[in-house]
Amino acid sequence: MTENQTATSSTAAENAQDHVNSARLQDAIAALAAFGGRDDGGVARETLTDIDLASRRHLIDTARALGCEVEIDDCANLFFRRPGTTDLPPVLTGSHADTQPVGGKLDGAYGVLAGLEVISALNDAGISTRRAIEVVAWTNEEGSRFGPGAMGSSAFVDPSRLPAYRAVKDSDNITFGEAVDKALQQAKDVTHRELALPIASCVELHIEQGPVLERANAALGVVTGIQSVRWYRVSCTGMAAHAGTTPMDERSDAMKAAVTIAHQLYAHAAAEAASNLRLTLGRWQVGPNSVNTIPGNVDFTIDVRCVDAEVLERFEKFLQQIVAAYTWRGNIAFECFFSRPPTHFPEDMLTLIERACVRAGHLAQRGDPQHLTSGAFHDAMYLAEHCPTAMIFVPSKGGISHNAAEETAPEDLYLGVQALAYTVVELANR
Ligand code: GLV
Ligand code: MN
Ligand code: MN
């Protein structure tokens with residue numbers, strides 16, 4: 001680092017931005033995607049599975065080769081630290097490396113690898129920063145194996161949430177706590193650190209996972225916030241009985257109850273179309289799940305989202321009403337196991353990200369970034385409780401994500417890391 005680079009942080013930010021290497025980024029994405037990689041191009045790397053643990057080892061080795069110190073906390077969040085010239089709280093970037101049961105190679109992984117690419121660019125350019133830069137790989141952002149999602153970042157900002165998370169079981173009855181302990185066991189060579197440490201600021205780079213940027217022909221997105229989300233578990237308990245012998249009017253059919261509730265929820269979502277309510281009934285468990293037995297138990301999940309938290313309030317009242325109104329000999333119960341209000345990122349972070357995106361976009365002759373709200377939730381949602389936080393998006397081809405076909409043009413991925421490098425260096429020199 002030269003005197004000039006610490007004194008004029010914008011020079012260092014531009015220099016870092018200009019040292020991002022697209023080919024190296026693509027190689028890193030391919031290497032991580034090999035952990036859980038599928039023939040259809042997708043990735044199956046649910047949180048804390050053996051394949052996820054192997055990918056964590058790969059990330060640890062990669063970060064150490066870049067000169068980073070590696071640390072792990074009680075929720076098995078991994079931190080790759082490039083020291084600064086002071087002991088001031090670090091600037092945090094990164095995302096998650098776990099996937100949906102079948103996901104793409106970019107959702108989360110891109111943000112982690114982008115952070116490591118920023119560190120490579122800083123190393124290449126010989127730039128030091130006042131604050132340390134930490135790249136994080138949060139545990140269990142997806143929430144598909146252990147619900148809810150974003151447990152790692154949630155426990156990081158509020159460690160009192162961890163004991164309840166540790167008790168959550170996956171479909172094989174393994175607790176999140178057992179899975180975390182296995183990850184910690186396999187990372188004995190990694191320094192332990194506390195949860196909730198002070199962080200100066202946080203920037204998460206992610207693929208958009210929706211169609212907004214592509215439709216606007218924008219290479220980069222300044223994310224102004226994240227819409228609100230609630231997850232529910234609905235349990236319908238009737239009585240299993242013979243499919244051939246039990247008269248229709250003498251059944252306690254849990255599937256009939258569940259399907260009736262589901263139809264009513266879809267009708268409600270249609271009536272709320274103007275408010276952009278998004279409804280997903282993603283997981284169904286049927287007991288005994290036999291072709292010729294009337295289902296005695298049907299459990300299903302609800303994922304409901306909206307930018308307007310009032311709309312989710314109305315949704316919950318409607319759910320209460322229809323459950324109470326359904327008359328049969330069985331029982332319907334529901335519980336909310338994840339609820340987040342909308343997140344709004346602070347103006348000064350948005351201004352900085354805008355500047356970073358404008359420079360990257362203009363140098364590549366791709367024009368100005370687009371402002372948008374995130375439809376997906378992200379770890380940044382929790383970090384925003386802890387420190388000034390913001391996000392950068394790059395487009396998703398066809399808006400497709402949580403699918404093996406998830407894709408983003410290499411040029412867009414490159415511009416995203418360029419914008420990230422500029423932002424992180426500016427923040428790290430504050
Ligand atoms: C994150 O994966 C989400 O469901 O928004
Ligand atoms: Mn993600
Ligand atoms: Mn995801």
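In this predicted model, Asp107 has a relative accessibility of 5% and therefore counts as buried, since the limit for that class is under 20%. Asp107 is also one of the protein donors of the manganese ion (ligand 2), and the briefing below turns to that metal site before describing how helix α3 meets helix α5.

**The manganese site**

- The manganese ion (ligand 2) has as its protein donors His96 through NE2, Asp107 through OD and His206 through NE2, which lie 2.0 to 2.3 Å from the ion.
- Along the sequence, the spacing of these donor residues follows the pattern H-x10-D-x98-H.
- Asp107 forms a bridge between the manganese ion (ligand 2) and the manganese ion (ligand 3), and the two ions are 3.7 Å apart.
- Because His96 belongs to strand β3 (residues 91-96) while Asp107 sits in the loop between β3 and α5, the pair ties together parts that are 11 residues apart in sequence.
- His96, with a relative accessibility of 0%, counts as buried.

**Helix α3 against helix α5**

- The axes of helix α3 (residues 22-33) and helix α5 (residues 109-125) come within 10 Å and cross at roughly 140°, which means that α3 is oblique to α5.
- The crossing in which α3 passes α5 is right-handed.
- On the α3 side the contact is made by Arg24, Leu25, Ala28, Ile29 and Leu32, whereas α5 contributes Ala109, Tyr110, Leu113, Ala114, Glu117, Ser120, Ala121 and Asp124.
- Sorted by character, the residues of this contact between α3 and α5 comprise 9 nonpolar, 1 polar and 3 charged.

Notes:
Residues are numbered from 1 along each chain as its sequence is written. Chains are lettered from A and ligands numbered from 1 in the order in which they are written. This is a predicted model: local features need pLDDT of at least 70, side-chain atom pairs count only at pLDDT 80 or more; totals for chains, interfaces and linings use all residues. Side-chain values use heavy atoms; hydrogens and water are left out. Axes are lines fitted to C-alpha atoms, for helices over the stretch in contact, and angles run from 0 to 180 degrees between N-to-C directions. Helices (H or I, at least four residues) and strands (E, at least two) are DSSP runs, numbered from the N terminus. Angles under 35 degrees count as roughly parallel, over 145 as roughly antiparallel, 65 to 115 as roughly perpendicular and the rest as oblique. A crossing is left-handed if the near helix is turned anticlockwise from the far one by less than a right angle, and right-handed if clockwise. Contact means heavy atoms within 4.5 Å. Ala, Val, Leu, Ile, Met, Phe, Trp, Tyr, Cys and Pro count as nonpolar, Asp, Glu, Lys and Arg as charged, and the others, Gly among them, as polar. Donors are N, O and S atoms within 2.8 Å of the metal (3.2 Å for Na, K and Ca); water is not among the atoms, so sites may look incomplete. Buried means under 20% relative accessible area, exposed over 50%, partly exposed in between (1.4 Å probe, protein chains only).
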